[in-house]
Amino acid sequence: MPLAIVLILLVVGSLAFHFLSPWTFTPLASNWARIDTTVDITLVVTGIVFVAVNLFMAFCVIRYRHRKDRRAEYEPENKKLEWILSAATTIGVAAMLAPGLFVWAKFVDVPEDAMQIEAVGQQWNWSYRLPGEDGRFGRASTRLVSPENPFGMDPDDPAGQDDVLVQSAEVHLPVDQPVRFWLRSKDVLHNFTVAQFRVKMDLVPGMETHMWLTPTRTGRFEVLCEELCGIAHHSMRGAVVVEDEADFRAWTASWPTWADVQARPPGNATAGAAQFVVCTSCHGPQGQGQQAMNAPRIAGQDGWYLEQQLANYQAGVRGAHPEDTYGQMMAPMARTLATRDAVANVVAHIATLPDQAPAATVEGNAAAGGERYTVCAYCHGAAGQGIEQMRAPRLAGMSDWYLVRQLENFKTGVRGGHPQDYYGKQMGFMAATLQDERAIRDVVAYINTL
Amino acid sequence: MAYVAIADRDHEIEHHDPRTFIRKYIWSQDHKVIAVQYALTAIFVGLVALTLSVMMRLQLGFPNDFSFITPESYYQFITMHGMIMVIYLLTALFLGGFGNYLIPLMCGSRDMVFPYMNMLSYWVYLLSVLILLASFFVPGGSTGAGWTLYPPQAISSGTAGAQWGIILMLVSLATFIVAFTMGGLNYVTTVLQARCRGMTLMRLPLSVWGIFMATILGLLAFPALLVSAIMLLLDKTLYTSFFMPDMVSAGQQTVHTNGSPILFQHLFWFFGHPEVYIVALPAFGIVSDLLATHARKNIFGYRMMVWAILAIGGLSFIVWAHHMYVSGMNPYFGFFFATTTLIIAVPTAIKVYNWVLTLWRGNIHLRVPMLFAIGFIFTFIHGGLTGIFLGNVVVDLPLSDTYFVVAHFHMVMGVSPILVVFGAIYHWFPKITGKMYSERLGRWHFWLTFLGTYSIYLPMHYLGFLGVPRRYFAMGDTAFMPDSAHALNESITISAIIVAATQLIFLYNMITSLARGKKADPNPWGATTLEWQTPDTPPRHGNWGHELPVVHRWAYDYSVPGYPEDFIPQTVPADVAPVGRRHGVQHA
Amino acid sequence: MTFTLVFLAVLMAVVIGWLLRQTLNTAPWQPRAADDAVSGASLAISVRVLGLATFLAVVTSLFALFISAYLMRRHMHDWAAVDEPRILWLNTALLACASLVYHRTRSAAIAGDRGRLKTGLGLAGLLTFLFLAGQLLAWQELHAAGLYLSSNPANAFFYLLTAVHGLHLMGGLWVWARSAVKVVTGADPEAVRTSVELCAVYWHYLLLVWIILFALLLYT
Ligand code: HEA
Ligand code: HEA
Ligand code: CUA
Ligand SMILES: [Cu+2]
């Protein structure tokens with residue numbers, strides 16, 4: 001008896017949960033309303049079955065529960081009943097399948113006028129490529145991938161010269177314009193998902209997969225990787241910004257073409273030396289860093305990383321957070337470097353500075369830190385040397401007190417909290433796994449031994 | 001011919017009765033002992049996997065509160081959790097455990113036809129388990145590739161345990177397959193050739209049918225896993241490029257070229273989908289017998305039930321790519337596989353209906369096994385219906401790789417067959433041990449497990465709708481994820497901990513009952529099938545004393561009109577007058 | 001996958017078709033004297049034969065899947081077909097003889113003719129060992145030609161398929177060895193009869209598999 005009641009309560013409860021639950025599909029932002037419809041149809045059909053069958057079962061449990069005087073009916077089978085039920089089920093299945101296949105057919109054939117865009121995945125971040133004026137993508141291959149050529153572009157393919165290379169996890173799309181995503185991976189499987197768009201597809205190394213949709217709502221939507229791709233799978237985030245045509249054009253123009261990238265002159269160290277004077281006041285003449293000034297060592301740090309961070313300071317992606325006191329000091333300094341070349345020059349100069357590790361200032365249990373560092377090693381390298389293609393800077397031999405502060409900032413979101421600081425957000429995920437001050441000191445103590 | 005067959009069988013099964021403890025309980029060739037060995041080992045690893053699941057839940061419910069759960073270890077936990085639960089717990093428990101115990105007894109034979117190979121099967125299985133557990137302790141730890149072990153990720157540097165863990169995992173799987181094949185050959189041949197006189201196929205209890213079909217699926221599907229494991233192992237150790245494409249790993253170009261990751265997925269799921277029915281079909285069969293026995297009514301539509309089992313078995317080989325709708329395979333496959341996948345719903349539906357119709361106009365005793373059986377029907381319907389969502393290719397687009405999938409397969413595999421396992425243990429415990437267990441504790445165990453698991457998995461569907469991806473160490477702050485979702489995760493975790501703790505009640509009940517439970521009636525439920533008609537309880541080696549039983553009727557003669565008793569054992573001749581409960585073997 | 005599917009379709013059809021014939025239009029709940037009389041053996045063959053048959057079904061599934069994988073992987077553009085070493089033809093002949101000899105040995109065992117049984121077993125074993133040796137030579141040849149396991153998927157598959165086939169043959173040789181020892185140590189033919197019979201079947205089967213594999217390698 002209690003069983004029957006519970007069964008009924010579970011059915012009622014499940015329905016209640018379903019209708020009251022605030023956790024449902026995110027508001028649609030693409031043309032795939034049809035998918036939602038199919039989901040609803042499926043919900044209705046299966047819902048009816050769920051309620052009907054279970055209530056009937058509950059009824060049986062009540063009505064036919066054991067009593068001394070009762071004896072079960074003897075009925076081996078009932079062909080008629082069984083056929084009716086099978087037929088009903090078949091109809092129910094068909095009612096769900098038919099619309100499903102109809103919508104799938106729509107998904108399978110891509111509209112002629114769809115604009116093309118390529119999402120490139122790697123452990124553990126996104127970048128994008130647009131075909132440029134000629135509307136054709138140039139040849140690209142994983143074998144050509146290198147720090148200088150992260151997209152693996154084929155320099156000899158004329159079609160590739162005007163391809164726009166978006167070295168960022170954020171991509172923009174014009175609203176109401178069908179777009180076909182080409183998906184390419186440099187290493188393992190990934191999956192390009194925007195919940196609000198409904199459709200998703202895997203990135204498969206060695207082949208180009210694709211999917212299409214039409215953004216119907218302007219706004220900013222998160223990109224999640226939904227195929228397990230290693231230990232930082234959950235932190236492989238990006239964003240799609242849907243905006244009107246004009247803004248989209250402006251955004252596209254702000255990114256270099258493959259030709260631009262190749263033409264870029266290397267930074268000029270001597271020119272950089274002049275601008276570097278400004279920096280020395282805090283970071284020290286040799287860029288060796290000064291704890292008193294809260295300025296970290298920059299000599300010996302990877303050039304690409306310095307450029308990236310300077311860009312972040314300039315754009316207010318870093319050093320904007322109210323609690324980031326020292327970052328706020330650095331931001332205006334960074335802005336004194338007016339042009340991209342200016343930045344390149346300073347960085348080139350910094351590369352010429354002597355590379356000697358400062359004395360350790362942080363105590364901690366290096367052994368325990370070593371345990372935890374195994375996770376860090378996936379991106380920063382076992383020797384803490386930094387790996388450009390993972391967007392992970394050098395740690396070994398950099399100012400340890402500074403590392404401690406940054407880890408705390410990452411943990412609290414003071415750094416990496418800005419919506420456009422994707423690599424920062426990723427580091428935030430990892431810093432979050434360091435429970436406390438001690439854990440942080442341990443790791444840094446270990447890094448000091450590298 | 002008939003007599004010849006029996007004769008030539010009886011001398012093939014040399015009938016020995018070992019005396020020494022070692023020969024009796026360790027190197028035993030008795031199917032019942034082997035069954036228990038299988039079951040205990042499986043339950044042991046099951047508990048390991050259960051512990052892992054709790055640790056996963058701790059991270060998901062209370063992110064980053066525990067220093068021993070890093071992203072690395074989290075992915076290692078889910079991988080081992082999944083793999084152990086599916087293969088080393090359920091497959092081994094249903095086929096190695098229940099298959100071994102029930103087949104010879106229900107078919108009325110003295111033992112499996114190849115007892116020695118049967119014993120070997122267990123020891124090889126144990127070996128595979130040890131290899132698996134060893135991988136926790138090698139440098140780098142066990143593999144964190146997810147139980148699907150997809151390359152390139154499974155064997156490339158971005159993944160935990162890509163050094164030794166994955167190698168041990170693959171070796172362990174290969175070993176398991178060898179063990180399973182040795183057992184499987186036994187089950188098939190025993191069912192087909194070693195039944196007692198009068199036991200036609202259509203007189204077999206559905207438990208045997210379910211296990212039989214599952215075994216056939218296993219024998220044909222596991223080779224797919226073996227093939228993919230061998231080729232992946234070669235890619236890993238000898239740098240072939242079956243599956244491994246060109247790639248840049250941690251900034252380094254690798255030696256592999258042009259391999260096809262999708263090829264692996266096809267092979268894996270060609271095994272993987274039948275596998276899920278390998279753990280489902282025995283549950284279907286066993287639950288049918290539990291329902292019939294405790295509802296005192298013949299299983300409704302026996303023939304349909306048998307054909308449904310065959311149909312499901314056949315169909316399960318042509319639906320595998322429904323796991324690959326968003327894998328980048330040729331999208332046109334979607335049409336075919338969506339159709340076949342939804343067709344499977346029909347035979348499955350028939351089974352569900354017939355279970356419920358068995359209760360209809362029955363005389364339902366709500367004993368512990370029955371509670372679990374009815375609980376199974378409920379959770380299975382729920383899980384099956386969510387499968388329909390995923391099978392319908394476009395509906396799978398938003399839901400694939402989200403918690404909806406996790407919810408689906410836990411509802412349908414993580415709890416339904418588990419409920420049957422428990423029900424079956426409570427049902428056959430008196431026969432296996434000769435002792436009775438505590439009904440009261442059994443009920444507690446049922447209620448907490450049933451309600452607990454439902455409160456774990458129902459909410460997961462809604463996280464899935466919301467778009468929460470599976471295999472995420474942490475959600476972090478994601479714009480479309482309200483804080484309420486985090487709260488939901490906490491509640492799930494709490495239920496999970498409760499349910500996990502509940503299993504201690506079960507273990508306590510089993511152990512104490514074994515030690516000082518009161519002696520069990522040889523046929524406490526008044527069941528008709530042969531295993532309840534053995535001359536002694538627990539059955540001795542050889543099962544049947546001097547003479548094999550002879551069967552005169554099907555397995556479901558409950559409440560037959562005109563008989564005072566509400567059941568007639570299969571061994572009772574058609575013309576014999578009504579018989580009493582404690583009825584032993586009928587000698588021919 | 002089509003290749004495997006075809007095989008499975010056939011197999012399933014046979015199994016299910018057979019089961020249905022056993023089960024169709026009986027109403028099991030009606031006690032029938034006819035049913036009471038049937039023995040518990042559904043097939044008029046010994047359990048060992050059925051055991052072997054089942055095992056062969058498993059092995060077939062294994063090879064079918066390897067072949068499916070082969071055919072699928074082939075379509076990637078880096079496939080550089082190997083031209084098979086000549087010696088494979090000789091090996092094929094050797095294996096063919098081996099299975100032929102085993103066939104004769106089988107009849108010898110049934111006839112209980114120790115002499116022919118002894119020589120038969122010896123010869124069959126010898127030929128099989130020669131086959132395996134020949135396969136090794138083929139590997140040598142490829143290796144010498146710089147075609148390593150890792151240098152191209154085509155080679156990889158060649159090594160893999162031949163290896164798997166060879167391993168199965170070695171398994172057979174284990175059984176062969178046991179019966180050979182029995183016979184040499186003067187056991188009477190009856191003692192080894194079944195195992196010789198089964199081995200004969202197994203050898204024919206592995207010959208068939210090899211011919212299919214070889215044809216596949218040649219044709220691609
Ligand atoms: C016991 C195990 C088991 C069982 C029985 C099933 C049963 C089914 N499964 Fe499930 N499935 C898994 C275990 C199982 N599954 C696992 C482990 C995974 C995940 C693997 C991974 O990725 O890690 C998975 C994943 C999975 C996917 C892939 C999702 C994805 O990754 O995107 C799909 C898609 O089609 C699917 C479909 C189905 C269907 C259609 C059934 C059907 O057989 C269900 C049939 C039953 C019913 C339909 C209910 C009863 C019927 C009625 C009450 C009658 C009325 C019905 C209608 C009118 C429709 N399953
Ligand atoms: C039979 C299969 C099975 C079972 C029983 C379970 C049981 C549980 N599972 Fe698991 N799970 C899987 C199969 C299973 N799981 C698989 C295949 C995956 C995918 C892995 C991957 O993505 O690679 C997965 C993944 C998975 C995830 C997703 C992880 C992620 O994607 O990030 C989660 C998260 O909550 C989870 C939770 C749980 C919980 C809380 C339990 C339980 O704790 C529920 C409560 C307990 C019970 C229902 C009782 C079971 C008792 C035993 C098992 C003890 C031994 C048996 C006896 C004593 C008879 N599981
Ligand atoms: Cu990339 Cu997950
Ligand atoms: Cu499936």
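Biologist: Let's kick off with Thr358(B): is its place in the structure buried or exposed, and what is its relative accessible area?
Modeller: In this predicted model, Thr358(B) is found in helix H10 (residues 333-359) of chain B. Helices (H or I, at least four residues) and strands (E, at least two) are DSSP runs, numbered from the N terminus. "Buried" is under 20% relative accessible area, "exposed" is over 50%, and "partly exposed" is in between, with a 1.4 Å probe and protein chains only. Thr358(B) counts as buried because its relative accessible area is 0%.

Biologist: Before we go on, which pLDDT do local features need in this model?
Modeller: Residues are numbered from 1 along each chain as its sequence is written, while chains are lettered from A and ligands numbered from 1 in the order in which they are written. Side-chain values use heavy atoms, without hydrogens and water; totals for chains, interfaces and linings use all residues, side-chain atom pairs count only at pLDDT 80 or more, and local features need pLDDT of at least 70.

Biologist: Which residue's backbone nitrogen does the side chain of Thr358(B) reach?
Modeller: Here we want a polar contact: a pair of N or O atoms within 3.5 Å, where within protein one must be able to donate a hydrogen and the other to accept it, and residues adjacent in sequence count only if both atoms are side-chain atoms. At 3.0 Å, the side chain of Thr358(B) meets the backbone nitrogen of Phe300(B).

Biologist: Which residues coordinate the copper ion (ligand 4)?
Modeller: Donors are N, O and S atoms within 2.8 Å of the metal (3.2 Å for Na, K and Ca); water is not among the atoms, so sites may look incomplete. Along the chain, the copper donors follow the spacing H-x48-H-H. At 1.9 to 2.1 Å, the copper ion (ligand 4) is held by His273(B) (ND1), His322(B) (NE2) and His323(B) (NE2).

Biologist: What relative accessible area does His323(B) have?
Modeller: Its neighbour in the spacing pattern H-x48-H-H, His322(B), counts as buried because its relative accessibility is 14%. His323(B) is partly exposed, so look for a value in that middle range: 31%.

Biologist: How far is the copper ion (ligand 4) from the iron atom of ligand 1?
Modeller: The iron atom has His408(B) (NE2) as its only protein donor, at 2.3 Å. His408(B) lies in helix H13 (residues 403-433) of chain B. Between the iron atom of ligand 1 and the copper ion (ligand 4), the separation is 4.3 Å.

Biologist: What volume does the largest cavity have?
Modeller: On a 1 Å grid over the protein atoms alone, a cavity is a set of points where a 1.4 Å probe fits but cannot get out, a pocket is an open set with protein on both sides within 12 Å along at least five of seven lines, and lining residues have an atom within 4 Å of a point. Grid points are joined across faces, edges and corners, and a volume is the space filled by probe spheres set on the points. There are eight cavities of 30 Å³ or more, and the largest has about 120 Å³.

Biologist: And the second largest pocket: which element gives the largest share of its lining?
Modeller: That pocket holds about 2000 Å³ of space, and among its 48 lining residues, Met117(B), Leu185(B), Phe55(C), Trp174(C) and Val175(C) lie nearest its centre. Elements giving two or more residues include helix H5 (115-134) of chain B and helix H6 (153-184) of chain C. The largest share, 11 residues, comes from H6(C).

Biologist: H3 of chain C also lines that pocket, so how far apart are its end C-alpha atoms?
Modeller: H3(C) is largely enclosed by the rest of the structure, because 20 of its 27 residues are buried. The expected span of a helix is 1.5 Å times one less than its number of residues. For residues 47-73 that gives 39 Å, and the end C-alpha atoms agree, being apart by 39 Å.

Biologist: Last one: what is omega for the cis peptide bond between Gln123(A) and Trp124(A)?
Modeller: Trp124(A) sits in the loop between strand E1 (115-122) and strand E2 (125-130) of chain A. The bond joining Gln123(A) to Trp124(A) is cis, with omega about -10°.
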